[in-house]
Amino acid sequence: MLTDGCGREINYLRVSLTDKCNLRCKYCVPPEGVQRLDHADILTLEEVLRVISIMTSLGVNRVRFTGGEPLVRKNVISLIQKVSKLENAPRMGITTNGVLLDDYIEYLIFSNVRDINISLDTLDPEVYESLTGQDALSSVMRSIQACLVNEVNLKLNVVPIKGINEEDIVSLAALARDYKVAVRFIELMPVGCACSYEGLSNDEVRKKLNEVYGAETVCEVEGGGPATYVTYPGFVGRVGFISPMTHAFCSACNRVRLTCDGKLKLCLASPECLDVKSLIRSGASDAQIADEIKAAVLKKPAEHGLKFTDGRNMIGIGG
Ligand code: SAM
């Protein structure tokens, strides 16, 4: 078991597969774009598989692929299939913008990906295009339908931002009224270019939803994740709130992140990390890497300290 210096069990690894994305969400990618990593600096899929294998041997039992956009990484399915065949195969999930998902859904299900999160901040095609730079909402909606038809464990992640999509909160929550999905509102974190925007607090979102949909009923906590879930009269799905800014959940944090350039980040917002890529490329054995990971995890910060980010934008960290 991997345990940090605060006694928290670390069993969840988020793996960023690429710093490339097919969208340019304003709060994730700065207007001038981001400096692309050199191909040689990105972990190969063999290296990613090796890190996952070492981490699962240490007790990690959940892995989520993210990015950038994970589905733009070449041969992503072949990696996922290999992870599914590891001796200690973890439960797998993917966080995607959903634009390409419809093309991949059958392969993902076949490869045992059980949890699919789609990021969707608006149901208005014009707002979507203005926020993401792409006229791609219809592709995302097709992907959502494909997930529903295939009965995957689907969550839709929404980041409410003042002046951008605050008008969409009610209609997005309605997806949980009509479909068996969890619609989750995530507070905007002041990371990179997101600092130029003001997010809504989940207290504000919750108040609005209670006004429109009636009194919420709090659902049982499940899975140990950071979300609080509620439901409203007549809803078939649930609405979740992830509130890193107003209700920090660091004491229950169970995760570390592998960036696509091979840094094991101990906390989304802190610069603390282990350079796993250098270890791998300098010829370290699995046992040596495992020891370094165990030592690094002991230094995981007790709290997220979102006030001292390491300057990366979310696209570079892997949200
Ligand atoms: N491309 C994939 C996607 O769109 O889901 C994965 C990467 S994206 C960085 C992952 C998630 O991070 C998205 O749901 C996005 O809305 C969220 N995100 C990006 N910047 C954020 C910020 N500053 N605060 C909170 N969430 C953020």
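Okay, a quick definition to start: when I say polar contact, I mean a pair of N or O atoms within 3.5 Å. With that in hand, look at T96: one of its polar backbone atoms sits 3.4 Å from an oxygen atom of the ligand. And just so everybody knows, this is a predicted model.

Let's stay with the ligand. There are 17 residues around it, and the ones that come nearest are Y27, G68, E69, S119 and M189. So what kinds of residues make up that shell, by class? We get 7 nonpolar, 8 polar and 2 charged.

Two of those nearest residues are worth a click. Y27 uses its side chain: a polar atom there is 2.6 Å from an oxygen atom of the ligand. With M189 we're looking at the backbone instead, where an N or O atom lies 2.8 Å from a nitrogen atom of the ligand. How much of the ligand's accessible area does the protein cover? On its own the ligand has 550 Å², and the protein covers 94% of that.

Okay, over to the cysteines. How many disulfides does a search of the whole structure find? The count is 0. Take C6: its nearest cysteine sulfur belongs to C250 and is 9.7 Å away. C6 is also partly exposed, at 46% relative accessible area.

Now C267. Why is there no bond to C250? Well, the cut-off for a disulfide is 2.5 Å between the sulfurs, and the sulfur of C267 is 6.5 Å from the one in C250, its closest, so that's too far. C267 itself counts as buried, with 9% relative accessibility.

That's my tour, thanks.

Terms used. Residues are numbered from 1 along each chain as its sequence is written. This is a predicted model: local features need pLDDT of at least 70, side-chain atom pairs count only at pLDDT 80 or more; totals for chains, interfaces and linings use all residues. Side-chain values use heavy atoms; hydrogens and water are left out. Buried means under 20% relative accessible area, exposed over 50%, partly exposed in between (1.4 Å probe, protein chains only). A residue is near a molecule or strand if one of its heavy atoms lies within 4 Å of it. A polar contact is a pair of N or O atoms within 3.5 Å; within protein, one must be able to donate a hydrogen and the other to accept it, and residues adjacent in sequence count only if both atoms are side-chain atoms. Accessible areas come from the Shrake-Rupley method with a 1.4 Å probe; for residues, only the protein chains shown count as cover. Ala, Val, Leu, Ile, Met, Phe, Trp, Tyr, Cys and Pro count as nonpolar, Asp, Glu, Lys and Arg as charged, and the others, Gly among them, as polar.
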